[in-house]
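Me: I'd like a close look at one residue in this model, and then at the framework around it. Keep it relaxed, but show the reasoning where a number decides something.

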Amino acid sequence: MTEGTEWTQAAREMVDRLPPMPANVARALERVPRHRFVPDEFVSEAYHDEPLPLSPDSTISAPHMVALQLEYANLRPGLKVLEVGTGFGYLAALLAELVTPGGHVYTVEIDPSLAREAIARLAATEYADRVTVVVGDGRKGFARHAPFDRIVISCATHAIERDWVIQLAPHGILEAPVGDRWEQHLIRYRAEGTHGRFEKGPACRFVPLRSRSHGIYRSAN
Ligand code: SAH
């Protein structure tokens, strides 16, 4: 067996063990080589349903959580997406799969060394032309390329930032893990005209967003 078929098989088995998910999300999880987006010492664990450390302040989420994030974002080809919290770029690659053809992913990472890792890994896996990695504070979104059809926050936040909502396209969807360091809920905001609708989703646990400000949706805790 070649290295290629081995990981494809491992990815397929991983998807089979996860709770049911939409077909496009399953296909993306089968296509993106998770072992290329984790540190070398964890390659053998890449297809387990577990989070893995990328750095002292960064973690690649467990695949079942990633599947939930992707399902929740309701992605389709052609969409322009902003992610906050790139890590090594795994979710960005999955987002790119789901918006291909015609879409694009912008992903903001506050840690320059993680951003460098992500750029190299996304290039090596042929996502470079569909994903733009930006070093910066994603709390401010990424005004230069707004509006975005989807905004996916990959780190826990105490509040939904006003800038994210402002940078959302009409009928766009924003999702973020909102809560304290230990427990958050996936919150989905759908832009509807001049207003919007918040929905509270499942409990989750993400690495905290570094920096804090006053947003427009606060968790009770
Ligand atoms: N999406 C990644 C997981 C990232 S974990 C993956 O698929 O593997 C959350 C990331 O958010 C960390 O890499 C952390 O450095 C980054 N982060 C924290 N605060 C941030 C901020 N204000 N702006 C951008 N990135 C931030």
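What relative accessible area does asparagine 74 have, and is it buried, partly exposed or exposed?

Reply: Asparagine 74 is partly exposed, because its relative accessible area of 40% falls between the 20% and 50% cut-offs. Bear in mind that this is a predicted model. The backbone is the curious bit: asparagine 74 isn't a glycine, yet its phi is positive, about 50°. You'll find it in the loop between H3 and strand S3 (80-84).

Another residue with that quirk is histidine 171, again not a glycine, with a positive phi of about 65°. Histidine 171 sits in strand S8 and counts as exposed, since its relative accessible area is 62%. Glutamate 126, which follows H5, has a positive phi too, near 70°.

Now for the framework. There's an open sheet of 7 strands with mixed pairing, ordered S5-S4-S3-S6-S8-S9-S10. S5 and strand S10 (195-204) are its edges, each pairing on one side only. From one strand to the next, the twist averages 15°. Strand S9 (residues 184-192) and S10 run antiparallel, joined by 8 bridges, and glutamate 192 faces histidine 195 of S10 across that pairing. Helix H3 (residues 63-73) packs on the sheet, in touch with strand S6 (148-153), strand S8 (168-179), S9 and S10, and its direction makes about 165° with that of S10.

Go back along the chain to the loop between S2 and H3 and you reach alanine 62. Alanine 62 counts as buried because its relative accessibility is 7%, under the 20% cut-off. Neighbours within four places in sequence aside, alanine 62 is in contact with Arg34, Asp49, Glu50 and Pro51. Tyrosine 47 is 15 residues from alanine 62 in sequence, with 9.4 Å between their C-alpha atoms.

H5 also belongs in the picture: it lies across S4 and S5, at about 165° to S5. Its buried residues are Leu114, Ala115, Ala118, Arg121 and Leu122. Looking down the axis of H5, these fall within an arc of 130°, so they line one face of the helix. They pack against strand S1 (52-55), strand S2 (58-60), helix H4 (90-99), strand S4 (104-109) and strand S5 (131-135). As a length check, the 13 residues of H5 (residues 112-124) should span 18 Å at 1.5 Å a residue, and the end C-alpha atoms are indeed 18 Å apart.

Two loops hold cis peptide bonds. Threonine 100 and proline 101 are joined by one, with omega about 0°; proline 101 is in the loop between H4 and S4. Alanine 146 and proline 147 are joined by another, again with omega about 0°, and proline 147 is in the loop between S5 and S6.

And disulfides? A search of the whole structure turns up 0. Cysteine 155 is in none, as the nearest cysteine sulfur, from cysteine 204, is 12 Å away, against a cut-off of 2.5 Å. Cysteine 155 counts as buried at 11% relative accessibility, and cysteine 204 counts as buried at 7%.

Notes:
Residues numbered from 1 in each chain as written. Predicted model: local features only at pLDDT ≥ 70, side-chain atom pairs only at ≥ 80, totals over all residues. Heavy atoms only, no water. Helix = DSSP H or I, 4+ residues; strand = E, 2+ residues; numbered from the N terminus. Expected span 1.5 Å × (residues − 1). Buried < 20%, exposed > 50% of the residue type's maximum accessible area, 1.4 Å probe, protein only. Arc of directions from axis to C-beta. Contact = heavy atoms within 4.5 Å. Pairing = 2+ DSSP bridges. Axes fitted to C-alpha atoms, helices over the stretch in contact; angles between N-to-C directions.
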